[in-house]
Amino acid sequence: MIRLGVAAVLAAALLAGCERPPEETKLRFTAMGTLVDVTIYGVPPDRARAAGERVESLFRDLHRAWDPWGDGALGQVNRSLAAGEPAALDPDLRQVLARARDLSGRSDGLFEPALGSLVKLWGFSRDEAQPEHPPPTAAIEVELARHAAIADLLNSGSRLSGPPGVMLDLGGFAKGVAVDRAVELLQRAGIANAIVNAGGDLRAIGRRGERPWRIGIRHPRKPGVLAAIEVQGDGAIFTSGDYERYFVHNGTRYHHILDPRTGRPAQGVASVTVAHAESGLADAAATALFVAGAENWPATAAQLGITEAMVIDTEGNISMTPAMQRRVRFIEDPPPGRIRVRELP
Ligand code: AMP
Ligand code: MG
């Protein structure tokens with residue numbers, strides 16, 4: 001009887017085309033203002049679920065710590081800065097800010113986490129209702145005149161100080177660092193095949209069984225997917241888009257990615273997708289390339305060590321690096337003449 005049972009189970013498995021049923025466990029939660037999906041492949045559901053729950057609490061802790069406007073570590077730093085007092089940094093925040101300073105320098109300040117007060121002025125901080133009109137020009141000029149860069153705030157000790165009113169905002173970087181940490185947590189738990197996807201920005205490790213992970217890239221102007229990229233091994237794909245947070249006033253679209261040189265939304269680009277092994281770098285780079293603009297982004301990519309990037313301008317023209325061109329598959333062929341391959345300097 002027992003033998004027959006085993007044979008029947010084996011036959012069923014062979015019929016299904018595999019010796020062991022694939023085990024994919026999915027968890028979904030909200031953190032850092034976005035839906036986070038954790039997909040874990042190839043380990044028993046109990047183990048996958050336990051690891052996924054630890055990822056969830058990691059995201060919640062980091063959200064609190066790095067929320068510029070809350071009561072966690074970064075929020076307290078911003079309150080001290082606002083009061084014109086030096087702010088004490090805990091070792092973890094210090095490390096994240098030091099990395100942000102490094103990436104800001106390598107992007108010539110186009111990625112600039114010290115523009116928190118501009119983000120707030122425009123009404124794009126997460127705790128505010130959707131803004132309806134741009135701020136007065138005079139108020140933007142006041143912010144620009146402060147001229148603070150993260151490099152000027154972060155000194156060598158464990159304190160940070162700057163001109164009163166300056167605030168830090170890690171919105172262009174924090175999600176990437178959180179995804180890296182989530183992946184490290186999964187790897188330490190012995191999980192080799194997984195995706196941590198925070199609102200379309202993600203890092204994948206391993207494979208989905210026999211197949212690589214296949215990642216969709218959103219069309220910046222239509223619902224649905226424009227292209228797909230395969231990831232196998234370890235890779236992050238991050239997109240910055242003008243469709244994520246924006247308002248329209250008198251027919252003009254004002255979005256949340258600000259050009260630190262003008263104090264206003266960066267012009268000319270609709271979305272930037274960056275692929276890189278590390279999601280923190282991919283996140284900061286997508287923001288920086290967006291600000292660099294449809295013409296000048298290759299120089300910024302080269303300075304940041306990014307070799308795979310795709311930029312879609314507000315007219316729908318697509319430009320990308322040769323390495324990205326080799327990887328990306330468009331769902332529908334874009335019209336001829338719309339795609340341009342840009343060598344990196
Ligand atoms: P992302 O979607 O990664 O491009 O991040 C956009 C968010 O980063 C915005 O909502 C702001 O909080 C913040 N941000 C806006 N402009 C910049 C900039 N030039 N450099 C760094 N962070 C920025
Ligand atoms: Mg970013």
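This is a short walk through one group of strands and several salt bridges in a predicted model.

Let's begin with strand E5, which covers residues 194-198. Is this strand mostly covered or mostly open? It is mostly covered, with four of its five residues buried. E5 has pairing partners that you can pick out in the structure. One is strand E2, residues 34-41, which runs antiparallel to E5 and pairs with it over five bridges. To find this pairing by eye, look for aspartate 37, which stands opposite asparagine 197 of E5.

Another partner is strand E6, residues 201-206. E5 and E6 also pair in the antiparallel sense, over five bridges. Here alanine 194 is a handy landmark, since it sits opposite isoleucine 205 in E6. E5 and E6 form a hairpin with two residues between the strands, and glycine 199 in this hairpin adopts a positive phi near 60 degrees. As you follow the strands, keep in mind that in a regular strand the side chains alternate between the two faces of the sheet.

Now let's turn to the charged side chains. How many salt bridges does the structure hold? There are 20, and a few of them are worth a visit.

Start with arginine 64 and aspartate 71, whose closest N and O atoms are 3.2 Å apart. Both ends of this salt bridge are partly exposed: arginine 64 has a relative accessible area of 49%, and aspartate 71 comes in at 45%.

Next, look at glutamate 278 and arginine 99, joined by a salt bridge with 2.8 Å between the closest N and O atoms. This pair links distant parts of the chain, 179 residues apart: glutamate 278 is in the loop between strand E14 (269-276) and helix H9 (279-304), while arginine 99 belongs to helix H4 (residues 91-106). Glutamate 278 is partly exposed at 26% relative accessibility, and arginine 99 is also partly exposed, with a relative accessible area of 26%. These two residues do not stand alone, for Arg99, Asp102, Arg106 and Glu278 are linked in a network of salt bridges.

Our last stop is the salt bridge between arginine 340 and glutamate 295, where the closest N and O atoms lie 3.8 Å apart. Arginine 340 is in strand E18 (residues 339-341) and glutamate 295 is in helix H9, so this pair ties together parts that are 45 residues apart in sequence. Arginine 340 is partly exposed at 42% relative accessible area, and glutamate 295 is partly exposed at 47%.

Notes:
Residues numbered from 1 in each chain as written. Chains lettered and ligands numbered in written order. Predicted model: local features only at pLDDT ≥ 70, side-chain atom pairs only at ≥ 80, totals over all residues. Heavy atoms only, no water. Buried < 20%, exposed > 50% of the residue type's maximum accessible area, 1.4 Å probe, protein only. Pairing = 2+ DSSP bridges. Salt bridge = Lys/Arg side-chain N within 4 Å of Asp/Glu carboxyl O.
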